[in-house]
Amino acid sequence: MNDSVMSSKAERSEASQQADSTMRWGHRFINAAMRTLYFGRIRVLDLSDEDSAGSANQRPRLIISSHRNGAIDGHQVLAAFPRAQFLVSIQLIRSWFLRLFIAGIPVVRPKDVERYNLDPASVASPVEAGTAHLRRGGDLGIFPEASSEWGHRPQPYKSGAARIACTLLEEGIDLEVIPVGLFYSTPDRFRSRAEVVRGKPIMIPDRNGQDRSVWEAEVASALGSALDEVSVNCPDEETFERIQAKALKVARRTPGASVTFAKAFLDLQRDTSTAAADGPAAADGPAAADGPPAAASPAITVLRWVGLALMWLFAPVLGAAAFAGSRADGRNTVTFFRLLGGFAAVMVWVPVLIVAAFFWPLVIGIGLVSAVGGWLLLGLRRVRL
């Protein structure tokens with residue numbers, strides 16, 4: 001019993017320390033390495049018309065993001081806001097292994113209280129912890145949907161972000177609220193496209209003497225509308241699948257960096273919404289005429305298998321990642337499970353390779369060059385899923 005109490009106190013102490021700190025450089029480095037190795041470079045489409053480098057950290061920023069692909073979503077937001085701190089479920093920071101690459105301000109949900117036998121009073125309110133972090137001038141990332149789901153539109157938004165914004169604005173703090181959309185061409189595939197869309201700062205409605213609850217509801221509505229503008233927000237699953245596939249086709253065929261998958265998706269989504277608003281005849285027009293593009297060609301499939309084969313030196317890592325991904329409970333958690341399995345395998349396999357390099361340097365050297373070539377092949381514009 002005493003050991004259980006001491007363990008609980010230690011967990012609360014560590015969670016409290018994480019709540020009081022910004023994202024540490026170690027976590028930022030590990031997160032950047034994991035997302036880059038799995039997806040490649042994360043492209044950031046900036047719609048804010050601002051010099052983000054020049055305006056960074058001049059005032060606190062509340063970053064509200066769509067939630068598409070489980071716990072890995074935080075890694076993508078960090079590509080655009082590298083010093084951001086997050087509100088995270090306490091279940092993600094209870095294990096020492098998960099704490100190696102996940103940190104944040106712990107959120108204790110009602111089901112966590114029963115599941116982990118926790119006392120919610122022992123952990124700071126997420127709203128209070130979030131406002132405290134922003135008062136210190138930090139960047140705070142929030143997923144208003146509270147949980148991820150791979151679907152055609154966002155889940156209902158919670159009111160926490162609006163409550164934080166209203167509290168700080170009442171205190172006279174100059175707060176910037178930025179909507180962020182996350183896009184994945186194929187969320188559960190290695191080396192698929194993952195991109196971030198940074199929207200324009202949100203104009204927060206003035207209170208104008210309104211009751212706090214009324215004002216907070218207006219702010220929540222403004223935040224939700226702005227987030228919908230930069231996120232996946234299709235009327236139905238069929239439309240989403242069609243736009244998803246066509247955006248991938250556009251990204252594959254368009255040379256250079258002029259068109260990204262996220263931009264193509266948003267343009268197609270906007271055209272579809274406009275056509276639907278103009279009536280059935282317009283909805284059956286050019287935006288819908290092409291239908292869903294064909295699946296990946298046999299040539300692309302073969303090239304992907306070649307790329308994976310070239311990474312033979314890291315077969316144990318790829319195998320562990322594949323096995324872990326097969327245990328996921330939904331498409332939106334496959335990547336996270338794969339990263340967990342792959343990261344655990346790396347901790348064992350890389351030391352083995354270092355030792356092996358002393359005995360078979362030529363074999364290990366060839367294997368490393370081959371693996372880099374395979375990784376690059378999987379990331380080619382016309383091959384990438």
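**Strand E3 and a nonpolar patch**

Guide: In this predicted model, strand E3 is covered on both faces, with Gln85, Leu87 and Ser89 buried on one side and Phe86 and Val88 buried on the other.

Visitor: OK, and how many residues of E3 are buried overall?

Guide: The strand spans residues 85–89, and 5 of its 5 residues are buried, where buried stands for under 20% relative accessible area.

Visitor: Which way does E3 run relative to E4, and how many bridges join them?

Guide: E3 and strand E4, which covers residues 105–107, run parallel and are joined by 3 bridges. Within that pairing, Leu87 has Ile105 of E4 as its bridge partner, and Leu87 is also one of the buried residues of E3.

Visitor: And what about E5, how many bridges there?

Guide: Strand E5, made of residues 139–142, is joined to E3 by 2 bridges, and these two strands run parallel. Here Gln85 stands opposite Leu140 in E5.

Visitor: Switching topic: which residues make the nonpolar surface patch?

Guide: The patch has an area of about 1,200 Å² and is made by Trp312, Val346, Val350, Ile354, Val355, Phe358, Phe359, Trp360, Leu362, Val363 and Ile366.

Visitor: Which helices each supply at least two of the patch residues?

Guide: Those are helix H15, running over residues 334–359, and helix H16, running over residues 361–378.

Visitor: Which one gives the most?

Guide: H15 gives the most to the nonpolar patch, contributing 6 residues.

Visitor: Where is Ile354 found, then?

Guide: Ile354 is found in helix H15, and Ile354 is among the residues that make the nonpolar patch.

Key:
Residues numbered from 1 in each chain as written. Predicted model: local features only at pLDDT ≥ 70, side-chain atom pairs only at ≥ 80, totals over all residues. Heavy atoms only, no water. Patch = residues over 30% accessible without salt bridge, like charges linked within 9 Å, V, L, I, M, F, W, Y side chains within 5 Å. Areas by Shrake-Rupley, 256 points an atom, 1.4 Å probe, with all protein chains shown as cover. Salt bridge = Lys/Arg side-chain N within 4 Å of Asp/Glu carboxyl O. Helix = DSSP H or I, 4+ residues; strand = E, 2+ residues; numbered from the N terminus. Buried < 20%, exposed > 50% of the residue type's maximum accessible area, 1.4 Å probe, protein only. Pairing = 2+ DSSP bridges.
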